[in-house]
Amino acid sequence: MPETLASRPHAGADPLLQLQGVSIHFGALKAVDAVTLQVAQGERVAILGPNGAGKTTLFNAITGITPATGGKVLLDGKNITRAAPNARARRGIARTFQITNLFSGLSVQDNLLLATRGLSRSRFAFWRSSDAQGDERSIVDSALARCQLEGKRQLLVREISYGEQRQLELAMSLTSAPRLLLLDEPAAGLSPAERVVMAGVIRGLPATLALILIEHDIDLALGLVDRVVCMYQGAVLVEGTPDQIRGNAQVQEIYLGRPRRA
Ligand SMILES: Nc1ncnc2c1ncn2[C@@H]1O[C@H](COP(=O)(O)OP(=O)(O)OP(=O)(O)O)[C@@H](O)[C@H]1O
Ligand SMILES: [Mg+2]
């Protein structure tokens with residue numbers, strides 16, 4: 001019999017996201033190998049790990065871009081392991097990408113408007129009511145403010161700095177009002193000053209929004225999260241609070257024993 005909300009004993013007490021033994025194997029390569037993890041509403045979790053550890057592939061299992069080959073992904077206690085990426089997005093999962101993904105010849109504001117319409121049912125409609133336009137405007141304004149881009153709305157994407165482009169990508173991911181946001185290396189390639197701005201933007205995201213942050217800059221990541229998961233060769237090696245991770249010998253060996261990527 002299919003499970004319903006009413007049939008479960010602790011309906012409403014489910015974590016926002018549960019990964020139960022999630023694997024993605026590409027032939028013999030265990031890119032993600034039996035990862036178990038829970039994220040509560042509003043919780044902020046960092047995923048650390050060296051290049052090739054499986055961090056982005058784990059994000060793909062959560063968003064559905066590459067469905068898990070083993071294990072289960074649950075959102076609000078419901079099995080979404082086989083759900084399509086757009087169905088997961090409608091249920092509240094959003095992500096940013098490791099590489100930039102913007103329309104460089106359009107303005108900051110128009111990129112945000114396009115993102116806003118991406119999830120709208122009327123996305124193919126030519127005519128939009130003034131109410132719909134007002135809603136869009138307020139979503140765009142709020143995303144611009146959250147990401148410290150209010151003064152840049154009329155500029156073309158190619159006219160703003162790389163750091164501002166990354167802020168814009170984050171702003172675009174907020175337009176769907178997600179409950180879980182996956183950030184894949186949001187500070188990659190940023191200057192030290194741009195990193196400070198990005199950290200401030202992430203810190204200022206709504207407290208109810210759960211975050212999973214992949215980041216190679218350990219100091220930046222540990223300053224932004226409640227909990228840290230360290231992956232190595234597809235599996236979870238260590239999990240703990242930022243303080244526990246800072247002093248962990250295995251984590252230090254992984255990072256200090258090899259050159260850290262900038
Ligand atoms: N579509 C794919 N087909 C085959 N192998 C893949 C595919 N995607 C990823 N991989 C492999 O899976 C492993 C994990 O890759 P992944 O991109 O998840 O690592 P990562 O932890 O995000 O690394 P980085 O820090 O460099 O971004 C790597 O060995 C990668 O080459
Ligand atoms: Mg990656």
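Q: What share of the 262 residues of the protein chain counts as buried, and what makes a residue buried rather than exposed?
A: Of the 262 residues, 35% count as buried. The term requires that 20 or more other C-beta atoms lie within 10 Å of the residue's own; 12 or fewer make it exposed, counts in between make it partly exposed, and C-beta atoms are placed from the backbone. The model is predicted: local features need pLDDT of at least 70, side-chain atom pairs count only at pLDDT 80 or more, and totals for chains, interfaces and linings use all residues. Residues are numbered from 1 along each chain as its sequence is written, while chains are lettered from A and ligands numbered from 1 in the order in which they are written.

Q: How many helices and strands does the protein chain hold, and what makes a run of residues a helix or a strand?
A: The protein chain has nine helices and 10 strands. Each is a DSSP run, numbered from the N terminus: H or I over at least four residues for a helix, E over at least two for a strand.

Q: Why is helix 1 described as largely enclosed by the rest of the structure?
A: Nine of the nine residues of helix 1 are buried, so the description holds. Among them are Lys55, Leu58, Phe59 and Ile62. Just after helix 1, Gly64 takes a positive phi of about 95°.

Q: Which residues are closest to ligand 1, and what makes a residue near?
A: The shell of ligand 1 holds 12 residues, the closest being Ala31, Asn51, Lys55, Thr56 and Thr57. Near means that the C-beta atom, placed from the backbone, lies within 6 Å of the molecule or strand. Strand 2 (29-39) and helix 1 (55-63) are the elements that give two or more residues to this shell. Helix 1 gives the most, with three residues.

Q: How do you know that strand 1 and strand 2 pair?
A: Seven bridges join strand 1 (residues 17-26) to strand 2, and the two run antiparallel. Pairing asks for at least two bridges found by DSSP, so the condition is met. His25 has Lys30 of strand 2 as its bridge partner. In the hairpin of these strands, which has two residues between them, Gly27 takes a positive phi near 60°.

Q: Which strands of the open sheet with the order 2-1-4-5 are at the edges, and why?
A: The four strands pair in the antiparallel sense. Strand 2 and strand 5 (78-79) are at the edges because each has a single partner strand, which leaves one side of each without a neighbour in the sheet. Strand 1 and strand 4 (residues 70-75) are joined by five bridges, with Ser23 opposite Gly70 of strand 4.

Q: Why is the pairing of the six-strand open sheet not the end of its description, and which strands stand at its edges?
A: Its order is 6-7-8-3-9-10, with mixed pairing. Strand 6 (93-96) and strand 10 (235-240) stand at the edges, since each has a single partner strand. The twist averages 20° from one strand to the next.

Q: How do you know that helix 1 packs on the six-strand sheet?
A: Helix 1 touches strand 3 (44-48), strand 6, strand 7 (180-184), strand 8 (210-214) and strand 9; contact means C-beta atoms, placed from the backbone, within 7 Å. Its direction makes about 155° with that of strand 7, where axes are lines fitted to C-alpha atoms, for helices over the stretch in contact, and angles between N-to-C directions run from 0 to 180 degrees. Helix 5 (residues 162-174) also packs on the sheet, touching strand 6 and strand 7.

Conventions:
Contact = placed C-beta atoms within 7 Å.
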